[in-house]
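Subject: Structure handover

Hello,

Here is the structure I promised to pass on. My notes follow below it.

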Amino acid sequence: MLTSAARAAGFGLLSFVLAAPLAEARITRIEITTVESPTFGGYSWPDVGQYEKLIGKAYGEVNPHDRQNRVIVDLEYAPRNARGNVEYAFNFYILKPVDPGKGNRRAMYEPPNRGGKTWSALGRVSGGGDDPGSITDPAVLGNAFLMPRGYAIIWSGWEDLGTLDTLNASANFPVARLRPTASNPTGTITGPSYEYIVVGNSTTSSVALTYPAASLDKSSATLTHRVHLDDVPQVVPPSGWSYNADGTAISLVGGNFVANDIYEFAYTARDPKVLGLGFAAVRDWMEFLRYDNRDDYGNRNPLAGFIKRVYTEISSQPGRMLNDFRHLGFNETERGKKAFDGHMQWIAAGNGINMNYRFAQTGRTERNRQNHLYIEGRFPFANVRTFDPITRDIDSRYASCEKTDTCPLGMEIYSANEYWVKSASLLHTTPDGSRDLPDSPYARNYFMSSMRHGTAASPAGPGTLPGRGVCQQADNPLNSAPVQRALFVALDEWASKGKEPPRSRVPKLRDGTLVPPLPQAGMGFPSGIPSAFADVGPLVTYTGLKTTRYHFNYGPNFYDTGIATINPPVIVPIPGATLPSSPVTTYQDNPANGPIYPSFIPKTDSDGNDIAGVRLADVTVPLATYTGWALRRGAQANDGCEASGQFVPFAGTEAQRGSDPRPSVAARYSTFAAYHGKVRSALNDMVEDRLLLCEDALSEEARLIQAGVNRGVPLEPGEAVPTASTLPACEAKHHGKHQHHHDDD
């Protein structure tokens, strides 16, 4: 294994200075601080060989006058270097074949989620955390998805999360300042800022502020407290809280924050950072890695000549960043080329990110109880042009790249939770909620039926349930990773060969599978399902709680400038109104809060499982009800349980069923052979529809066989539990073999 010092010369660190390229926005310098070759403990993949790990920092700059950069809020107020450009920096982590000639000339780029790498689901690996090259288990590496195919794998910071000296991905962006005047000699920018505060323990006494307070004068700030989202906020008197000495945190006087209660803090902040530079940092990094040989100092691009195509993989928050990245035109590099060939979006749906605004907070995400008042879900929501009846605009998330012929292809994959908490229906309906939208020629939409936001841990064994945290029922263990891998392959085939991807699968207004959440009888979820937990009552509770998509008022010209003068926007209380007895509450469907974009949720079958979308075999051949929504228990009972879903198993036998409206496991599957046959048929259909790779089919079948054992599918006397075997679709097509391309022309 070569050390960092031994390899440094090979990458030409700070060796000599070249003339700057014509494009003024660029990566000017890279520093590779760690080289591990080989990495992964020396593991070698057939036809690809070993991988190496490169860790370092990159430095870039943008011209604030360039048309592609002027969209960045407050860029004109950022400090400039001698060339008149604005500088930034970020850290990066690269895994690549030691022998580039054995790679496939493709890269997977993941913008990390709040600094953390989330590739393991797609990558079919476990362990490693933020240092994936430290994985050494041959069984894990031998089963990996990307490395046997020869992909380079890239991560880089795009959020300003602090130091660049850790494996946590971060970037550093400048503070915006006005030109100094006699009355403001430091050029300090101030403005309204807002913190939504919920802590998960009873020991927190102090909470950091995203931006420092402009003044320690508490009369210009307000702290409120409430238990439920729809409760009227109660003002904490100034004597009940305090700033720390430098105005970067607040604490309660004489006590701690109450676990899971809601606190909101509105105050005047100072020193906003130019966080929209994160878009430029991603764009310029891709341009450098794809199209440059060296930086301005002669340091060699470690992927020079390797990359022909780049596809993104994300989980949640960075997908919302890429939605805005695409909409704002950043997939066009300053040389007029594509930054990315394709986006595989997981649980991002139609929302953007709180990023390109003054006093932005990129880590915020709206759900049905949290962070409603941060700008995130704003028009345009869809990948095709639509008319906004509120703003009177016509736009799409692909409008900018269509003008420059730099559009990436897109696989929009998302869960049921996005319909309940992020108004995902607006991705494929008109903003007035009146009709379904056609597909974009560049993107397809795949709704993962009955899934939560992400995946919970599976039950540990027979008779056990997943954990439930602060929610009423056990969490939802459905896992979309095999579908993501199949669609990643389909994305590559679409980009490299022009092969059309699987058709979109979403609920629709026109066929009645996309409906309002109330009345309950209209959306299909059955009443009277017994609860598995006595502490929340005898039955599973349904309220129809769904986040409302408002067009909030942040002050004049906010939607043009990104600068709020009202923050947070005003919410009008409706005291005492609760779902489902009152369909309009303080936060739900209250027109006093602002104009509303209608949104809908997926209709369920009589088991409570979603009808439309990509149905995993778990849903097609069910042993339980799976939901993409959940409700809290305890003091905050019936508030939303955020990203969680529910797993409510069927009774094992009719004798155990009692009043449960759902047939028992034994009534559905008279023998294990009957159950197993349906499982194989469902998996075979997924393979034929290119929604499951054959390399994943055996493990999926084995998992579902074990699920049948755990949930009591009956075995006839003398009947043995079957074993997984090759599906007919895999025998016929040898589908899902590792495809190792050196090129695609």
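First, a caution: this is a predicted model.

**Overall build**

The protein has 16 helices and 26 strands. Its radius of gyration is 26 Å, against 27 Å from the globule rule for 745 residues, so the protein is as compact as a globular protein of that length. Along the principal axes, the C-alpha atoms fill a box of roughly 85 × 65 × 50 Å. Of the 745 residues, 60% are buried. Take the contacts with a separation of 6 or more: 75% of them join residues 24 or more positions apart. The exposed surface comes to about 26,700 Å², and carbon and sulfur atoms supply 53% of that area.

**An enclosed helix**

Have a look at α5, residues 317–327. Eleven of its eleven residues are buried, so this helix is largely enclosed by the rest of the structure. The buried set includes charged side chains: R320, D324 and R326 are among them. M321, L322 and F325 are also on the list. After α5 comes G329, which has a positive phi, near 90°.

**Salt bridges**

The structure holds 48 salt bridges. I picked three to describe.

R149 and E695 meet through their side chains at 2.9 Å, N to O. This pair links distant parts of the chain, with the two positions 546 residues apart in numbering. R149 sits in the loop between α3 (138–142) and β6 (152–156), while E695 is in helix α15. R149 is buried, at a relative accessible area of 4%. E695 is partly exposed, at 22%. Both residues also belong to a network of salt bridges that links R124, R149, R485, E695 and D696.

E366 and R549 form another salt bridge, with the closest N and O atoms 3.0 Å apart. Here too the pair links distant parts of the chain, 183 residues apart. E366 is in the loop between β16 (342–346) and β17 (386–387). R549 is in strand β22, residues 549–550. Both partners are buried.

R444 pairs with E500, and their closest N and O atoms are 2.8 Å apart. R444 lies in strand β20 (residues 443–448) and E500 in the loop between α8 (481–497) and β21 (514–515), so this salt bridge ties together parts 56 residues apart in sequence. R444 counts as buried, at 11% relative accessibility. E500 counts as partly exposed, at 47%.

**Helix α15**

This helix covers residues 694–710. E695, from the salt bridge with R149, lies in it. E700 is in α15 as well. Is E700 buried or exposed? Its relative accessibility is 12%, under the 20% cut-off, so E700 counts as buried. Its side chain makes a polar contact with the side chain of R703, at 3.0 Å. An α-helix has 3.6 residues a turn, so residues three or four places apart point the same way. Leaving out residues up to four places away in sequence, E700 touches P482, L683 and L692.

V709 is also in α15. V709 is partly exposed, with a relative accessible area of 34%. Together with L715 and V721, V709 forms a nonpolar patch on the surface. The three residues have about 210 Å² of accessible area together.

**An exposed serine**

S581 lies in the loop between α10 (558–561) and β23 (596–597). S581 is exposed, with a relative accessible area of 66%. A polar atom of its side chain lies 2.9 Å from the backbone oxygen of T578. How far apart are S581 and T625 in sequence and in space? They are 44 residues apart in sequence and 24 Å apart in space, C-alpha to C-alpha.

**Where to start**

If time is short, open the model at α15. Begin with E695 and its salt bridge to R149. Move on to E700 and its polar contact with R703. Finish at V709 and the nonpolar patch. Then turn to α5, the helix that is largely enclosed.

Best wishes

Notes
Residues numbered from 1 in each chain as written. Predicted model: local features only at pLDDT ≥ 70, side-chain atom pairs only at ≥ 80, totals over all residues. Heavy atoms only, no water. Patch = residues over 30% accessible without salt bridge, like charges linked within 9 Å, V, L, I, M, F, W, Y side chains within 5 Å. Areas by Shrake-Rupley, 256 points an atom, 1.4 Å probe, with all protein chains shown as cover. Salt bridge = Lys/Arg side-chain N within 4 Å of Asp/Glu carboxyl O. Helix = DSSP H or I, 4+ residues; strand = E, 2+ residues; numbered from the N terminus. Buried < 20%, exposed > 50% of the residue type's maximum accessible area, 1.4 Å probe, protein only. Rg over C-alpha atoms; globule rule 2.2 N^0.38 Å. Contact = heavy atoms within 4.5 Å. Polar contact = N/O pair within 3.5 Å; in protein donor to acceptor, adjacent residues only side chain to side chain.
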